[in-house]
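Thanks for asking me to look this one over. Below are my notes, as numbered points to read alongside the structure.

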Amino acid sequence: MEIELSSLDVRYEGYRMRDRAGEARLLASIAEHGIIEPLEGVEQSPWHVLLNGFKRRRCAQKLGLGAAPYVSLGEDAATGIVALLRSSNDRALSLLEQAGFVDELKGLHRMSVAEIAAALSRSVGWVSMRLGLLSEMPLAVRQKLFAGAFPVYAYMYSVRPFM
């Protein structure tokens with residue numbers, strides 16, 4: 001289905017990594033071919049809460065498009081986040097993006113580590129490692145990493161061990 005871009009709630013945009021070069025390539029592709037892969041989100045009346053497709057949305061806005069293809073992942077954020085994380089190998093969510101969404105499930109949706117692990121068909125260790133990664137990270141560092149201002153792997157393997 002097609003939805004108006006103005007009806008999107010983008011509260012999870014800060015959970016996704018920025019990539020200026022990738023977004024520039026996507027902008028050129030959308031200008032030439034349109035939006036091929038639909039945006040993904042959940043239905044929380046009266047909004048469509050966007051979970052995947054933030055770069056496509058920004059590109060569509062830059063091109064003056066008012067609507068985009070959209071697919072619903074469920075009727076509540078927890079269900080949609082679980083669906084997104086379960087398919088994260090196909091969608092190439094980074095480790096930090098996964099960590100942000102796992103933290104959302106634990107914090108706002110009050111799921112235990114074991115419940116998250118079971119819902120995602122992952123180990124408790126997989127979930128715990130992602131939760132630990134964000135809990136150790138100062139907010140200023142997190143903002144820089146998600147904005148694409150500092151390389152994630154340089155932080156994880158060079159800076160983080162010394163913190």
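1. A definition to start with: two strands count as paired if DSSP finds at least two bridges between them. Please keep in mind throughout that this is a predicted model.

2. With that in hand, take the sheet. Its 5 strands form an open sheet in the order E1-E5-E3-E4-E2, and the pairing is mixed. Strands E1 and E2 (8-9) are the edges, each pairing on one side only. A general point may help when you look at side chains here: in a regular strand they alternate between the two faces of the sheet.

3. Strand E5 is a good place to see the mixed pairing. On one side, strand E1 (residues 2-4) and strand E5 (residues 67-72) run antiparallel and are joined by 3 bridges. To find the register, look for Ile3, whose bridge partner in E5 is Ala68, and for Glu4, which stands opposite Ala67 in E5.

4. How does strand E3 (residues 39-44) run relative to E5, parallel or antiparallel? The two are parallel, again with 3 bridges between them. Here Leu39 is the residue to click on, as it lies opposite Tyr70 of E5.

5. Now to the helices. Two packed helices are described by the angle between their axes and the distance between the axes. For helix H5 (residues 95-107) and helix H6 (residues 113-120), the axes come within 9 Å and cross at roughly 125°. Angles of 65 to 115 degrees count as roughly perpendicular and those over 145 as roughly antiparallel, so H5 and H6 are oblique to each other. The crossing of H5 past H6 is right-handed.

6. Which residues make that contact? From H5 come Val102, Leu105 and Lys106, and from H6 come Val113, Ile116 and Leu120. Sorted by class, the contact of H5 with H6 has 5 nonpolar residues, 1 charged residue and no polar ones.

7. H5 also packs against helix H7 (residues 124-135), at an angle of about 95° and with the axes 8 Å apart. H5 and H7 are therefore roughly perpendicular to each other. On the H5 side, the residues involved are Leu95, Leu96, Gln98, Ala99, Gly100, Val102, Asp103 and Lys106. They meet Trp126, Val127, Met129, Arg130, Leu131, Leu133 and Leu134 of H7. By class, the contact of H5 with H7 has 10 nonpolar, 2 polar and 3 charged residues.

8. One last thing to look at: Val102 and Lys106 of H5 take part in the contact with H6, and Val102 and Lys106 also appear in the contact with H7.

Note on methods:
Residues are numbered from 1 along each chain as its sequence is written. This is a predicted model: local features need pLDDT of at least 70, side-chain atom pairs count only at pLDDT 80 or more; totals for chains, interfaces and linings use all residues. Side-chain values use heavy atoms; hydrogens and water are left out. Helices (H or I, at least four residues) and strands (E, at least two) are DSSP runs, numbered from the N terminus. Axes are lines fitted to C-alpha atoms, for helices over the stretch in contact, and angles run from 0 to 180 degrees between N-to-C directions. Angles under 35 degrees count as roughly parallel, over 145 as roughly antiparallel, 65 to 115 as roughly perpendicular and the rest as oblique. A crossing is left-handed if the near helix is turned anticlockwise from the far one by less than a right angle, and right-handed if clockwise. Contact means heavy atoms within 4.5 Å. Ala, Val, Leu, Ile, Met, Phe, Trp, Tyr, Cys and Pro count as nonpolar, Asp, Glu, Lys and Arg as charged, and the others, Gly among them, as polar.
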